[in-house]
Amino acid sequence: MSARVDDLLDLESLLTPEDVELRRTVRRFGEQRLRPHIADWFESGQVPVRELATDFGKLGLLGMHLQGYGCGGSTATAYGLVCQELEAVDSGLRSLVSVQGSLAMFAIYRHGSEEQRQRWLPPMAAGEVIGCFGLTEPDFGSNPAGMRTTARRDGTDWILNGSKMWITNGSVADIAIVWARGEDGILGFVVPTDTPGFTARDMTQKLSLRASVTSELHLDEVRLPADAQLPAARGLSGPLACLSEARFGIVFGSVGAARDCLETTLDYVGTREVFDKPLAGYQITQTKIADMAVELSKAQLLALHLGRLKDNDAIRPEQVSVGKLNNVREALRIARECRTLLGANGVTLEYPVLRHANNLESVLTYEGTSEVHQLVIGQALTGQSAFR
């Protein structure tokens with residue numbers, strides 16, 4: 001009897017019964033509602049974001065780790081397991097949930113006023129209001145401190161000018177969390193996207209995350225009332241706290257993509273005959289599969305450990321960087337190795353492997369490149385910053 005690829009080390013014994021049931025529910029939803037359509041969404045570059053947001057809201061997945069305001073108040077580990085199951089279908093679908101809950105909603109939850117929380121979080125949790133997170137700019141990705149988007153006072157109002165790039169959900173969002181430079185440093189704002197001067201256009205010709213809406217935002221003399229500002233956000237610590245939340249979801253999500261690649265490959269090599277016997281029966285196939293399964297199990301253990309740390313409010317930023325750096329890097333290696341075992345079939349959308357690999361190229365870069373996370377870890381170990 002063969003072991004399940006995602007439980008070679010009996011890792012399910014580390015989960016609570018509630019975790020297992022939640023994972024089962026989301027996996028079933030993914031198999032029934034998402035997986036039958038994902039290849040078409042990826043190929044066409046079109047995904048029904050509003051429809052899916054409503055579905056995710058009904059399941060209670062949007063902002064599920066936040067307390068109150070229509071949110072479930074789940075554990076961090078439970079949220080991570082949800083990210084894992086969604087990314088097992090496609091990274092773009094996990095990104096939709098991550099951006100909504102861990103970036104846009106979390107920014108309001110952590111940095112917003114009580115009035116802003118009451119106004120925006122319940123409809124966002126239900127999927128009725130979609131948010132995006134405007135931090136990255138055309139010339140400033142890894143160095144957000146250099147942002148050129150500005151916020152200036154005009155009486156009691158704020159006037160925003162600038163542009164943002166690579167913004168998930170940007171063109172379909174109802175509100176945008178926009179970070180801008182004011183006289184006193186970096187400030188955050190809740191910007192309704194129907195505000196005059198705000199425009200968004202889709203970014204096309206993507207080879208990765210095609211089942212995800214990616215946009216460029218432009219702000220031309222966007223006038224906002226004083227109460228649009230996130231009052232508790234001061235300096236880069238505001239957006240960086242949100243990024244740490246999103247990175248945590250990636251630690252788990254990337255494991256889901258790797259697991260789907262390996263499960264697909266195991267099924268394939270067990271039925272594909274080469275020289276009159278299954279491909280699975282060859283030593284070189286089994287050594288590849290063994291190595292991938294070991295790395296997948298290690299990545300899952302790391303994710304669960306970081307989940308427990310976060311549940312105990314004991315997690316540090318460099319620990320999230322360890323998880324993001326390792327798990328995405330290993331997931332990408334697994335996806336590429338699986339492709340070799342599928343041969344020419346591996347480059348088609350009939351199988352998910354190269355789609356996952358393409359998506360993981362983006363996941364490797366966003367929410368902090370591998371190089372950025374290496375430097376975060378390096379600084380934690382040496383006490384010296386190498387960013388400048």
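In this predicted model, N169 sits in the loop between strand 5 (157–168) and strand 6 (175–182). Leaving aside its neighbours within four places in sequence, N169 is in contact with V49, L96, V99, I130, G131, C132, V213 and S215. The relative accessible area of N169 is 1%, so the residue counts as buried.

A second loop residue, E128, is found between helix 5 (114–125) and strand 3 (131–134). With a relative accessible area of 56%, E128 is exposed, because the cut-off for that class is over 50%. Not counting residues up to four places away in sequence, E128 touches R50, P123 and D174. The C-alpha atom of E128 is separated by 9.6 Å from that of E51, although the two residues are 77 residues apart along the chain.

**Helix 1 and helix 2**

E51 also belongs to the interface of helix 1 with helix 2. The contacts join T25, F29, R33, L34 and W41 in helix 1 to E51, L52, D55, F56 and L59 in helix 2. Two packed helices are described by the angle between their axes and the distance between the axes. For helix 1 and helix 2 the angle is about 175 degrees and the axes are 12 Å apart. Helix 1 is therefore roughly antiparallel to helix 2, since angles over 145 degrees fall in that class.

**Aromatic pairs**

The structure holds six aromatic pairs. One of them is formed by F29 and F56, edge-to-face, at 5.9 Å centre to centre and with 65 degrees between the planes. This pair links distant parts of the chain, with F29 in helix 1 (residues 17–44) and F56 in helix 2 (residues 49–59), 27 residues apart. Both partners count as buried: F29 has 14% relative accessibility, and F56 has 0%.

Y69 and Y109 form another edge-to-face pair, with 6.3 Å from centre to centre and 85 degrees between the planes. Y69 lies in the loop between strand 1 (67–68) and strand 2 (71–72), and Y109 lies in helix 4 (residues 91–111), so the pair ties together parts that are 40 residues apart in sequence. Y69 is partly exposed at 21% relative accessibility, and Y109 is partly exposed at 24%.

**Charges over rings**

Two lysines are placed over aromatic rings. K277 lies over the face of Y282, at 4.4 Å from the ring centre. The charged end of K310 sits over the ring of F248, 5.6 Å from the centre of that ring.

**Salt bridges**

Side chains of opposite charge can pair when their charged atoms come close. The count of salt bridges comes to 26. The table gives three that lie within helices.

| Salt bridge | N to O distance | Helix | Spacing in sequence |
|---|---|---|---|
| E263 and R259 | 3.8 Å | helix 6 (residues 237–271) | four residues |
| K298 and E295 | 3.0 Å | helix 7 (residues 283–311) | three residues |
| R333 and E330 | 2.8 Å | helix 8 (residues 317–342) | three residues |

E263 and R259 are separated by about one helical turn, because they are four residues apart in helix 6. The spacing of K298 and E295 in helix 7 likewise amounts to about one turn of the helix, as does that of R333 and E330 in helix 8.

The accessibility of the partners can be read pair by pair. In helix 6, E263 is partly exposed with 30% relative accessibility, whereas R259 is buried with a relative accessible area of 4%. In helix 7, K298 is partly exposed at 44%, and E295 is also partly exposed, at 23%. In helix 8, R333 has a relative accessible area of 47% and is partly exposed, whereas E330 has 10% relative accessibility and counts as buried; the cut-off for a buried residue is under 20%.

The pair in helix 6 also takes part in a network. R27, E85, R259 and E263 are linked in a network of salt bridges. Within this network, the side chains of R259 and E263 meet in a salt bridge of 3.8 Å, N to O.

Notes
Residues are numbered from 1 along each chain as its sequence is written. This is a predicted model: local features need pLDDT of at least 70, side-chain atom pairs count only at pLDDT 80 or more; totals for chains, interfaces and linings use all residues. Side-chain values use heavy atoms; hydrogens and water are left out. Helices (H or I, at least four residues) and strands (E, at least two) are DSSP runs, numbered from the N terminus. Buried means under 20% relative accessible area, exposed over 50%, partly exposed in between (1.4 Å probe, protein chains only). Rings of Phe, Tyr and Trp (its six-membered ring) pair if their centres lie within 6.5 Å; planes under 30 degrees apart count as stacked, over 60 as edge-to-face and the rest as tilted. A charge sits over a ring if NZ of Lys or CZ of Arg is within 6 Å of the ring centre and within 35 degrees of the ring normal. Contact means heavy atoms within 4.5 Å. Axes are lines fitted to C-alpha atoms, for helices over the stretch in contact, and angles run from 0 to 180 degrees between N-to-C directions. Angles under 35 degrees count as roughly parallel, over 145 as roughly antiparallel, 65 to 115 as roughly perpendicular and the rest as oblique.
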